[in-house]
Every structure is written in C-alpha cells, then in structure tokens.
Amino acid sequence: MAGEVQSWVLMATARAPTNIALIKYWGKRDEALILPTNDSISVTLDPDHLSATTTVAVSPSFKQDRMWLNGKEISLSGGRYQNCLREIRKRAGDVEDEKKGVRIKKEDWEKLHLHIASYNNFPTAAGLASSAAGFACLVFTLAKLMNVKEENGDLSAIARQGSGSACRSMYGGFVKWTMGNDADGSDSIAVQLASNTHWDDLVIIVAVVSSKQKETSSTTGMRGSVETSPLLQYRAKTVVPSRVLQMEEAIKSCDFASLVGLTCADSNQFHAVCLDTSPPIFYMNDTSRRIISLVERWNRSEVSPQVAYTFDAGPNAVLIAPNRKVAGLLLQRLLFQFPPLPDNELASYILGDKSILREAGLQSMKDVEDLPPPAEIKDKAPFQKFPGDVSYFICTRLGSGPRLLTEENQALISSETGHPK
C-alpha cells in the first residue's frame, strides 16, 4: 500500500433520503439478518428537506474505526454497524488517487481504519425513518469510497442489515422491499417501482408533532408484536400480499383515490397491531388522532378523497396531496386547527418548500389568524384550536435516491485532520 507512512486522508461524501412506508414493514422473521414478515412499499422524500449526509474518511494514521452522529461520537461496536462495515469491506476494490499519490489494494481495506461523520437534517429516532436515511447513506458512501462495484439493489441487502427500511432509501420515487424466501436473505432486497418523476404532482406535508425520541424503539416494538400479536400474523399472511399488488397498480396508473384508501388503511392497521401487542404500544398521541380526524372529515365531505395520511412508529403525520392546489388547501386546514404559538414566526413553522404557503395566500401570522373555518366544519362551531401542538410542518415532495457530494465544503470531515469539522 503506497503512502503508508504518510498521513494522507481519502474521503467520500454522500447524501441519502429518508422514506415513508405506504404499506408498512413491521415484524422480522429473522432478527439477525433483518428479514421482514412481509413485503413493504415506500415513497422516498426529497433529500433537500429530509436526508442524511455522511462522510467516510480513510487514513493509515487512524488507529480505529470511529463515528460521529450529529456532532457526537457514538460507538460502532453494535452488530448493525459491524455488519455493514464487514460486508462492504468484503466487496472493496482497488482505489487509486493520482493527485495524492495513494494506491489502496482491495486486500488493504481490512487493515485500514475509517472515520465516519453523519448528520441528519431532521429529528433522529422520532418516527421519521432517520435510521433508514442514515444506514442507506453509510452503505452508499462506504461503497463509493472503497470502489465497490455492486449496484444499488445488491447494496440494499447490506443497508437492510443496518436498518430494515434503509434498503428502501437506496432508490428514489416509489420503492418495494421484497421480503424474499432465501434463508441467507440474499433475495430480500429493494426494487424501484417508479422514479420520482413518474408521479411528480404529488406534494407531501410532514407534521412534526414531536421530535423527541420515542419511548418504544421500532426494534423492541416489532419483537413484541411478532411474539404476542395474532393480528400481525393475519396481516402478514392475508392482508398485505393483496394490498401490495393493489398499491403497485395504483402507483403504476397514478390512481390517487386508491393510493389514499390503501395508505390510510395500512397505517391504521399497523397501529392496530401495536395496540394488539402485549403490552400495547402507543406511537400516536392526541394530536396524531386529531390530524386523522381532520383528514377523514375533509375526505368524506368531497366527491373523491383529497389527502392520504400515514404514521410510522411515532406521532408525526405524513400527509400526501395530489397536487399543489390541494396541498395549499390542506395547509390552510392544518394551520387553522394547529396554528403556531403567538411568538412564533410563520417562516420557522413551515419548513421545506415554502412557496406552497404563498400559493395558499399565507404570508404572515395575520393571514393564519384570519383563516375561516373549513367548509366541512362551519356548522359545527365552536371549533377548538390547538396552538403549539405541532412543532412545525415540512412541505416536501418525492425525491431521488442517494448521490455523491463532490464539493470539498460539503464534507463533514476535514481532509487535513481526518476529524469532524
């Protein structure tokens, strides 16, 4: 290995999106390999608004593998990190950097240590699939640094061993995680059903009800459901297979009414499984349920459904509108019922694509205060408002898969010191 006595640092930086399941993954048939009890389908969110950025650096001067998440050093001793590192190192290729005069042979990767820095631009462990973005980004960045030749589908089987849903963040648009049948998990991979441009009218609004870490982790919750919930077994064997086929058809034909029906029903059944678990798991809270009521009431008052809702393992709502016009009407309803606290600025309450605010006629707090009650609740006055019950909203859309970031200023690690900036 050339340059071993030098203190050179080679790096790669990438960004990977998060994803939200429309047909849920809940339950493992093999915990070690993270093999699911059923297929799942997700939508990838715009990485400009919800993503993980990861820099991986290698140097002969590094004494051990180290990692920093959101600025704090964390242990890499856990099995999930070790699985990803081991599988990528196994597939590493020769790497040459002519500018730095460095050549790394594939067998040298087993002896070299890594420094990893990762940053999420959204809350970690709050039910917004931060681990999906994080592990997808880790595997993608490692593969780029180590010149791994495998395609994203094969890499998804490695990302899956870090966090199950991470395999779906290896692609943009609509993604299916095939549960597979092989005992070694080699056929439990992600496949892209449609790119993010296939149905690009869709607008997604995330209501961040709480950014706190959830009381019951997904891993613990799934284990409890597999061991104690009869509904989970029925769901995996009887309900999900037909729903997956119907959702694939809805995506292919851009059938929004079908997407709404399937997405809402599957979210509700997932949370019913959580309640059917012993002891029961409560991921949603009163604000979550009020958001469901808001959407259901509006959908029932119209000829066709206007919005889909889905909740992962947390209280935060992900709401899908068919276009920007309906998204503006949704935002009006959400801000009417869940206005910011009086001392809040609207600009810090609505994140992401703020242009939808302007299109909805909402440019100031006064515009929010002047919002009339939606038509579907006009005759049900007085209607209670819940200021401050939503921390903030993120307006976003379908996004693309992981990509390399090539500018030096985008790296999270200094090329001089090999430590986080």
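What is the mean pLDDT of the protein chain, and what share of its residues reach 70 or more? The mean is 94, and 96% of the residues reach 70 or more; pLDDT is the predictor's confidence in each residue, from 0 to 100. This is a predicted model, in which local features need pLDDT of at least 70, side-chain atom pairs count only at pLDDT 80 or more, and totals for chains, interfaces and linings use all residues. Residues are numbered from 1 along each chain as its sequence is written, and side-chain values use heavy atoms, with hydrogens and water left out.

Let's begin with a sheet. Strands of a sheet pair through backbone hydrogen bonds, either parallel or antiparallel. Here, two strands pair if DSSP finds at least two bridges between them; strands (E, at least two residues) and helices (H or I, at least four) are DSSP runs, numbered from the N terminus. One open sheet has four strands in the order 2-5-12-13, with antiparallel pairing. Its edges are strand 2 (19–23) and strand 13 (190–194), each pairing on one side only. Look at strand 5 (residues 40–44) and strand 12 (residues 174–177): four bridges join this antiparallel pair, and valine 43 stands opposite phenylalanine 174 in strand 12.

Now add a helix. Helix 5 (residues 230–252) packs on this sheet, touching strand 2, strand 5, strand 12 and strand 13. Contact means heavy atoms within 4.5 Å. The direction of helix 5 makes about 115° with that of strand 2; axes are lines fitted to C-alpha atoms, for helices over the stretch in contact, and angles run from 0 to 180 degrees between N-to-C directions. Helix 6 (residues 256–276) packs on the sheet too, touching strand 2 and strand 12, at about 100° to strand 2.

On to another sheet. This open one has six strands in the order 8-7-11-6-1-19, with mixed pairing, and its edge strands are strand 8 (72–74) and strand 19 (403–405). Three bridges join strand 7 (residues 66–69) to strand 8, and the two run antiparallel. Methionine 67 has isoleucine 74 in strand 8 as its bridge partner. Helix 1 (residues 79–91) lies across strand 7, strand 8 and strand 11 (113–120), running at about 125° to strand 11.

Finally, find a pair of helices. Helix 2 (residues 130–145) and helix 3 (residues 152–159) pack at about 125°, with their axes 9 Å apart. Their contact includes Phe135 and Phe140 of helix 2 and Leu155 and Ile158 of helix 3.
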